[in-house]
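Here is a quick tour for anyone about to load this model into a viewer. Have a look at the structure first, then read on.

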Amino acid sequence: MLRLKLALQTRLALAVVTAVLITAVVVTAVSLFVIRRDMRDELGEQQFTALKLTAAALDAGFADRRIALRSLAQGMPPGARGNALLMQAYIEQHQSLTSLFFNFSVVEPNGNVVANFIDPTQINRFSMANRDYLLETVKTRKGVISTPLESKMSGRAIVLMTEPVLNQKGDVELVFMASIDLRQNNFLGQFTDVKLGKSGFMYILTPAGMLVEHPEKERILKHMDEAGGQNLVNNKALEGFEGSVEGNNRAGERALFAFKRMDSTGWIIGSHYLTKDAYAPIHEMQNRALLAAAVLTLLSGWLAWWFTTRMLRPLHQLHAHIQKIREDKSFAQMEGNVRPDELGDLSLAFNGLMNERKKAEMELDEARVNLEEMNKTLARLALEDALTGLANRRQFELGLTEEFNRAARTGVSMAMLMIDVDFFKQYNDLYGHMAGDQVLRRLGSAIRDTNTRPEDLAARYGGEEIAVLLPGSGLQGAMIVAERIRTSVEKLSITHSASPTGKVTISIGVGAIVPKRELHKPEDLLRDADRALYVAKADGRDCVRTVSEETAG
């Protein structure tokens, strides 16, 4: 007996060794995953750092150009303000600005060009009236940076910087405008032409998705989606994301992206780096590791199959017996001799489990029957008013919403009755609350006994108020049902000495609607019925009224 147990333990130990080998394969794969993840994080951080430096450099470039424009405006001779010739001569003296700008002009607030560095013939002939950047400059009296545009004067893709010249009253007298050519490398290109590996590149987007800079120059000033398809990662950047992320480009290739928004213009600087190039250094190592893992997996799998086949052979009989039990539902015990080892102990434990299972199954069947009965009772009580036997307010609200949606889909009418017991407080004060409860019970019975349809829903809405929902019914039909209910309560002849009629009566408000989802809500029908109830009370009670009668009154 001891020998067999030791042999079984030895075989289990060998199985554990096999599992360890398989675990080694998993660990190798996880290690490669971690290396890839760390490399992705490092590359993403490098991309984002490069973008932050580029954004800072471009913001500084715009700041330098802003200073140059302000210096040009502040150094303007006083006599040049109203003299186009002097103004033209003044700006032509500043040849050094050509290193910063493609062109610059002097414009009056109405848009008339009074000086132009490149083409003086445009003076008093070309107008920039109603340009957004000019209007904003005049309005705010501050310099602005325009959205990228195609110049009507030169036909180039440019962005304009403005600087206002104020008169003694503080109003804008002139506006200095300088353009930056987006397709020249003297500004954007010196930063964005940086290569990221073999396939990586930088590009710039406006907050509206227009390309300001891109390796494919023909795409500048076009929306990023015009090249075909959407890039969800770019959309994320437009929504405000900053940082690095991995995703698919519009061609479906995996790539590393990074985004940084400029402070001066709000433009988004992005970078794109294909992962097949970014992860190239680890691809070879990964392939070798996967090959080694595959060999180990095959070897470990063969060993595991060989050992477990020998180890689990005695368990086949137990497995077959369990399958028979699943088919027959018999919970029969295993027959035959019990082996003197762990498997024998397992057989004895299994037979004991079958006995316990039989008892547990019987107890479970009994408990299941009891639970079903309890659930039915709870479900009924959850949606029923205990006093009147009608539906409760929760069931009524659920039914109202459901029928409202159905009527809105089908375009049919639906109606509601709101019922209130007349002088019910006086009845309770005079006869006591127990008598009042008895009135509500009889009222509930009278409504149930009224010839209503199966789909109609009567519920105790609150206190002495009862609501009746009439799906598919119009106003006239609902009035007939309401009068039938009022008459049935009147026929109960319940004594009420505090009522002018000498007996218990009810007032009923009727509302009807053909709901339209975009115009109405379920509460609209409830509100109409409630208003009609107030009309009935105002008309002396013991009657049926609608909202239209309120208007007539």
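What follows goes from the overall picture to two strand regions and a couple of single residues.

## The overall picture

This is a predicted model, so start with the confidence. The average pLDDT of the protein is 82, and 78% of the residues reach at least 70. Residues 1–6 are a weak spot: the pLDDT there is below 50, and the stretch makes five contacts in the model beyond near neighbours in sequence. Where pLDDT is low, the predicted coordinates should not be read in detail.

As for the make-up, the protein has 15 helices and 15 strands. Of its 553 residues, 40% count as buried. Take the contacts with a separation of 6 or more: 59% of them come from residues 24 or more positions apart.

## Strand β1 and its partners

Strand β1 covers residues 103–107, and five of its five residues are buried. N103, S105 and V107 point one way, F104 and V106 point the other way, and all of them are buried.

β1 pairs with two strands. With β5 (residues 172–181) it runs antiparallel, joined by five bridges, and N103 has S179 as its bridge partner there. With β2 (residues 113–116) it is also antiparallel, this time over three bridges, and S105 is bridged to N116. The β1 and β2 hairpin has five residues between the strands, and G111 in it takes a positive phi near 100°.

## Helix α3, one side in and one side out

Which residues of helix α3 (residues 132–140) are buried? They are Y133, L134 and T137. These cover an arc of only 100° around the axis, which puts them on the same side of α3. The cover over them includes β1, β3 (149–150), β4 (157–166) and β5.

Flip to the face turned away from that buried side and you find the exposed residues D132 and K139. Just after the helix, R141 takes a positive phi of about 60°.

## The five-stranded sheet

Further along the chain, five strands make an open sheet with mixed pairing, in the order β12-β13-β11-β14-β15. β12 (457–462) and β15 (544–546) are the edge strands; each has a single partner strand, so one side of each is left without a neighbour in the sheet. On average, neighbouring strands here are turned by 25° against each other, direction ignored.

At one edge, β12 is joined to β13 (residues 465–471) by five bridges, and the two run antiparallel. L457 is bridged to L469 in this pair. Helices pack on the sheet too. Helix α14 (residues 522–538) touches β11, β12, β13, β14 and β15, and its direction makes about 145° with that of β14. Helix α10 (residues 393–410) lies across β11 (414–421), β12 and β13, at about 130° to β12.

## Inside the sheet: β11

How enclosed is β11? Eight of its eight residues are buried, so the strand is largely enclosed by the rest of the structure. Both faces are covered: M414, M416, M418 and D420 are buried on one side, and A415, L417, I419 and V421 on the other.

β11 is antiparallel to β13, with seven bridges between them, and M418 is bridged to A467 in that strand. Its pairing with β14 is also antiparallel, over eight bridges, with M414 standing opposite I513.

## Two residues to click on

T505 sits in the loop between α13 (475–490) and β14 (506–513). Is T505 buried or exposed? Its relative accessibility is 4%, and buried means under 20%, so T505 counts as buried. The side chains of T505 and D422 are joined by a polar contact of 2.7 Å. Leaving out residues up to four places away in sequence, T505 touches D420, V421, D422 and D542. D420 and V421 are also among the buried residues of β11.

L398 belongs to helix α10. Its relative accessibility is 48%, so L398 counts as partly exposed. L398 and L383 are 15 residues apart along the chain, and 9.9 Å separates their C-alpha atoms.

Terms used
Residues are numbered from 1 along each chain as its sequence is written. This is a predicted model: local features need pLDDT of at least 70, side-chain atom pairs count only at pLDDT 80 or more; totals for chains, interfaces and linings use all residues. Side-chain values use heavy atoms; hydrogens and water are left out. Helices (H or I, at least four residues) and strands (E, at least two) are DSSP runs, numbered from the N terminus. Buried means under 20% relative accessible area, exposed over 50%, partly exposed in between (1.4 Å probe, protein chains only). A polar contact is a pair of N or O atoms within 3.5 Å; within protein, one must be able to donate a hydrogen and the other to accept it, and residues adjacent in sequence count only if both atoms are side-chain atoms. Contact means heavy atoms within 4.5 Å. Two strands pair if DSSP finds at least two bridges between them. The arc is that of the directions from the helix axis to the C-beta atoms. pLDDT is the predictor's confidence in each residue, from 0 to 100. Axes are lines fitted to C-alpha atoms, for helices over the stretch in contact, and angles run from 0 to 180 degrees between N-to-C directions.
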